[in-house]
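Colleague: Could you walk me through this one? I'd like to see how you get from the atoms to each answer.

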Amino acid sequence: MNISVNKLHPYTLNVGQAIHHGDWNWKNVRSPFARIFYVEEGTARIVMPEGTYNLQPGHLYFIPAFTTHSYVCDTTFKHYYIHVYENPNNEQSILEEWELPFEVRGCEMDLELIRRLCQMNPFLKLPQSDPAVYDNHSTLISNLQMNQRRPFCDKVESRGILYILLSRFLKTARPKIEVKDDRIHQVFFFIHKNINSHIDVEMLADKICMSKDHFIRVFKNETGYTPNAFITKKKLERSELMLVTTDLSVKSIAAALGYDDNSYFNRLFKKHTGITPQQYREKYSQ
């Protein structure tokens, strides 16, 4: 993996233990943060876009941000959860750009580390397990602020535990898009860094000294996306995060992402998520 650990800056949004008795059943959950689960006892299922997975005791599970999924549980189920937020203003988004395995075998040390993370951060435990209660603007902002106010030693230890747990998944991770051309890597970096600006295909082609048509062909061959489709995908994912973590109006968010036509932005967003930006915000403002 040709990436730098200096570019990985995860925050613990929530951490705690949950015990369910057939009541861990939530449909179409989609959040702007990633999830790690450690199953301690019992079984349950998670329905992901690519299929349904059975959760087993002693295993760790990872669900990426912006992934629609559902939980199915009809028996006693005991697990630990960690919600992981990666600062979108970083130069690079490791958890966004890399495909982590859904399941890895855990060990006793993993369980002890998670228990330590819970012990250090009792204020980050969820009040209840319904995502509609905690996937909202006020909770996200509050937890991010609490992270910043913690003693420096606690920040270091918490970050260290997250690094160790994420390393279990990163061991067999691979890029979501396998790109061999370094020029396309430069484009990825530029798009991520300038996602809040208008990004023009000709501008990207010029930056890597290609003609526009040649750049489009190379980009599509390397990524499977046209440059415009890739830029739109990344902008709409950023808009989801902004709708949940800021008080900006929908029109202001569209403008901040380089969309002068608010109606066009609304249509793109609905095609991307199935609901309008305002409906998305209302869903997460409970």
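Colleague: Is Ala-34 buried or exposed?
Modeller: Bear in mind that this is a predicted model. Ala-34 sits in strand β2, and its relative accessibility comes to 3%. The cut-off for buried is under 20%, so by that figure Ala-34 counts as buried.

Colleague: Which residues does Ala-34 touch, if you skip its neighbours within four places in sequence?
Modeller: We're still in strand β2 for this one. With those sequence neighbours set aside, the contacts of Ala-34 are Phe-62, Ile-63, Pro-64, Ala-65, Ile-82, His-83 and Val-84.

Colleague: And how far is Ala-34 from Arg-150 in space?
Modeller: Along the chain, Ala-34 and Arg-150 are 116 residues apart. Going from C-alpha to C-alpha, the separation is 21 Å.

Colleague: Let's move to Ala-18: buried or exposed?
Modeller: Ala-18 belongs to strand β1. Its relative accessible area is 11%. Buried means under 20%, so Ala-18 is buried.

Colleague: What is Ala-18 in contact with, leaving out neighbours within four places in sequence?
Modeller: Remember that Ala-18 is a strand β1 residue. Once those neighbours are dropped, Ala-18 has contacts with Phe-77, Lys-78, His-79 and Tyr-81.

Colleague: How far apart in space are Ala-18 and Gln-186?
Modeller: In sequence, 168 residues separate Ala-18 and Gln-186. In space, their C-alpha atoms are apart by 43 Å.

Colleague: Where is Arg-30, and which side chains does it make polar contacts with?
Modeller: Arg-30 is in the loop between β1 (10-21) and β2 (34-42). It counts as buried, with 14% relative accessibility. One polar contact, of 3.4 Å, links its side chain to that of Thr-68. Another, of 2.6 Å, links the side chain of Arg-30 to that of Glu-240.

Colleague: That loop between β1 and β2 also holds Asn-28. What is its phi?
Modeller: As a rule, most residues other than glycine have a negative phi. Asn-28 is a residue other than glycine with a positive value. Its phi is near 50 degrees.

Colleague: What about phi of Phe-66?
Modeller: Phe-66 lies in the loop between β5 (59-63) and β6 (70-72), and is buried at a relative accessible area of 17%. It is not a glycine, yet its phi is positive, at about 60 degrees.

Colleague: Zooming out, how compact is the chain?
Modeller: Its secondary structure comes to 12 helices and 10 strands. The globule rule gives 19 Å for 286 residues, and the radius of gyration is close to that at 20 Å, so the chain is as compact as a globular protein of that length. Along the principal axes, the C-alpha trace spans about 60 × 40 × 40 Å.

Colleague: What share of the contacts with a separation of 6 or more comes from residues 24 or more positions apart?
Modeller: For background, buried residues are 47% of the 286 in the chain. Among contacts with a separation of 6 or more, the share from residues 24 or more positions apart is 76%.

Colleague: Last one: how far apart are the mean positions of the positive and negative charges?
Modeller: On the surface side, the chain exposes about 14,000 Å², with 50% supplied by carbon and sulfur atoms. The chain has 35 positive and 32 negative charges. Take the mean position of each set, and the distance between the two is 1 Å.

Key: Residues numbered from 1 in each chain as written. Predicted model: local features only at pLDDT ≥ 70, side-chain atom pairs only at ≥ 80, totals over all residues. Heavy atoms only, no water. Helix = DSSP H or I, 4+ residues; strand = E, 2+ residues; numbered from the N terminus. Rg over C-alpha atoms; globule rule 2.2 N^0.38 Å. Buried < 20%, exposed > 50% of the residue type's maximum accessible area, 1.4 Å probe, protein only. Contact = heavy atoms within 4.5 Å. Areas by Shrake-Rupley, 256 points an atom, 1.4 Å probe, with all protein chains shown as cover. Lys, Arg positive; Asp, Glu negative; His and termini not counted. Charge placed at Lys NZ, Arg CZ, Asp CG, Glu CD. Polar contact = N/O pair within 3.5 Å; in protein donor to acceptor, adjacent residues only side chain to side chain.
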